[in-house]
Amino acid sequence: MAARSNITPLCQNILLLGTSTPTKTPNWKENRLKRLLLTALLAIVLLISLAAPAQAGNPANGAKLFNANCAACHMGGNNVILAKKTLKKEALEQYGMASLDAIKNQVTKGKNAMPSFRGRLNTTQIEDVATYVLEQSQKGW
Ligand code: HEC
């Protein structure tokens with residue numbers, strides 16, 4: 001009995017040694033692979049953010065939202081109600097609207113004859129439509 005109980009832990013130790021050595025190597029390799037993948041992922045994210053520095057929203061989605069919600073008054077970047085307040089670069093600059101934040105703010109709250117879009121468009125949609133307007137103003141509509 002006593003001899004057996006002494007051998008058993010020894011056997012376990014040998015077994016443990018035998019199993020721990022080979023598992024160490026794959027674990028180490030796996031960690032290196034994970035780190036490599038993480039680095040690659042970070043590089044991709046960085047590249048994407050560098051490729052589109054001024055883009056906060058999705059302009060393609062913004063274009064659809066613009067046609068559905070804004071074009072009635074702002075067709076082609078114009079303004080059918082208050083002719084001088086167009087969405088063209090010069091007008092946006094003149095009236096302090098040539099930034100994503102200013103456009104998002106006005107679309108959210110509305111101003112005079114322009115209705116508020118809070119409740120009709122969510123924050124992502126407002127971001128998208130503002131991105132589209134700013135991009136179009138830079139392109140010249
Ligand atoms: C019912 C007509 C109407 C609709 C619909 C409308 N707007 Fe306007 N928008 C106006 C009017 C009127 C002004 C001028 C407000 C003022 O300054 O008195 C204006 C001004 C603006 C300006 C500032 C232009 C400048 O030169 O200062 C931006 C930007 C703008 N609108 C974006 C949008 C976007 C984006 C949408 C759609 C989500 C939209 N508007 C929907 C009527 C409208």
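**Helix α2, the nonpolar core and the ligand shell**

Among the elements that cover the buried residues of α2 are α3 and α6. This arrangement belongs to a predicted model, and α2 offers a starting point for reading it. The buried residues in α2 are Gly 62, Leu 65 and Phe 66. They lie on the same side of α2, because the arc they cover around the axis is only 105°. Ala 60 and Ala 68, by contrast, are exposed and sit on the face of α2 turned away from its buried side.

Phe 66 leads from the helix to its surroundings. Apart from neighbours within four places in sequence, Phe 66 is in contact with Ala 71, Val 129, Tyr 132 and Val 133. Phe 66 also belongs to the largest nonpolar core, which has 14 residues; those that touch the most other members are Phe 66, Ile 103, Val 107, Ile 126, Val 129, Ala 130 and Val 133. At least two residues of this core come from each of α2 (59-69), α5 and α6. The largest share, six residues, is supplied by α6.

The ligand is surrounded by 26 residues, of which Cys 70, Cys 73, Tyr 95, Asn 112 and Met 114 come nearest. Each of the helices α3 (71-74), α4 (89-94), α5 (100-109) and α6 (123-139) contributes at least two residues to this shell. By character, the shell consists of 18 nonpolar, six polar and two charged residues.

Confidence in the model remains to be considered. The protein chain has a mean pLDDT of 85, with 77% of its residues at 70 or more. For residues 1-5 the pLDDT is below 50, and this stretch has zero contacts in the model beyond near neighbours in sequence.

Definitions and conventions:
Residues numbered from 1 in each chain as written. Predicted model: local features only at pLDDT ≥ 70, side-chain atom pairs only at ≥ 80, totals over all residues. Near = placed C-beta within 6 Å. Helix = DSSP H or I, 4+ residues; strand = E, 2+ residues; numbered from the N terminus. Nonpolar A, V, L, I, M, F, W, Y, C, P; charged D, E, K, R; others polar. pLDDT = per-residue confidence, 0-100. Contact = placed C-beta atoms within 7 Å. Core = buried A, V, L, I, M, F, W, Y, C linked by C-beta atoms within 7 Å. Buried ≥ 20, exposed ≤ 12 C-beta atoms within 10 Å, placed from the backbone. Arc of directions from axis to C-beta.
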